[in-house]
Amino acid sequence: MIDIDKARLNPSEVFASPNEVLHHQELSRTQKIEVLRRWAQDAQALQVAEDENMTAPPEQPSSRLDEVMQALHDLDAELDPES
């Protein structure tokens, strides 16, 4: 059973990849989009830090923004819920 609240707060601690979110049977489409949008926010923040030559802690994976964006695209969802 997936802890959806934890997944919404820190998707990379619950799922190995954005693709795993996309294909998870327990999550609704809406839940998948919520989790992936959060993952995108985290990935964007990490990318900004990397661009500013700040290094991530060793336990923090590198940005997976491209994978997240592809998963959102596969769900016919956008990054910004207002778009």
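**Figure 1. The whole protein and its surface.** About 5600 Å² of the protein is exposed, and carbon and sulfur atoms supply 46% of that area. Keep in mind that this is a predicted model. Out of the 83 residues here, 30% are buried.

**Figure 2. The helices, one after another.** What kinds of elements will you find along the chain, starting from the N terminus? They run α-α-α-α-α, which gives a tally of 5 helices and 0 strands. Now look at the contacts between residues with a separation of 6 or more: 55% of them link residues that sit 24 or more positions apart.

**Figure 3. A look at Ser17.** Ser17 lies in a loop, with helix H2 (11-14) on one side of it in the sequence and helix H3 (18-22) on the other. Is Ser17 buried or exposed? It counts as buried, because its relative accessibility is 15% and the cut-off for buried is under 20%. Who does Ser17 touch, once you skip the neighbours within four places in sequence? Its contacts are Trp39, Arg64 and Glu67.

**Figure 4. Asp74 and a patch of negative charge.** Asp74 belongs to helix H5, which covers residues 65-74. With a relative accessible area of 43%, Asp74 is partly exposed, since that label goes to values between the 20% limit for buried and the 50% limit for exposed. Which residues join Asp74 in forming a negative surface patch? They are Asp76, Glu78 and Asp80. A residue needs over 30% relative accessible area to be part of a patch, and Asp74 has 43%.

Methods:
Residues numbered from 1 in each chain as written. Predicted model: local features only at pLDDT ≥ 70, side-chain atom pairs only at ≥ 80, totals over all residues. Heavy atoms only, no water. Patch = residues over 30% accessible without salt bridge, like charges linked within 9 Å, V, L, I, M, F, W, Y side chains within 5 Å. Areas by Shrake-Rupley, 256 points an atom, 1.4 Å probe, with all protein chains shown as cover. Salt bridge = Lys/Arg side-chain N within 4 Å of Asp/Glu carboxyl O. Lys, Arg positive; Asp, Glu negative; His and termini not counted. Charge placed at Lys NZ, Arg CZ, Asp CG, Glu CD. Helix = DSSP H or I, 4+ residues; strand = E, 2+ residues; numbered from the N terminus. Buried < 20%, exposed > 50% of the residue type's maximum accessible area, 1.4 Å probe, protein only. Contact = heavy atoms within 4.5 Å.
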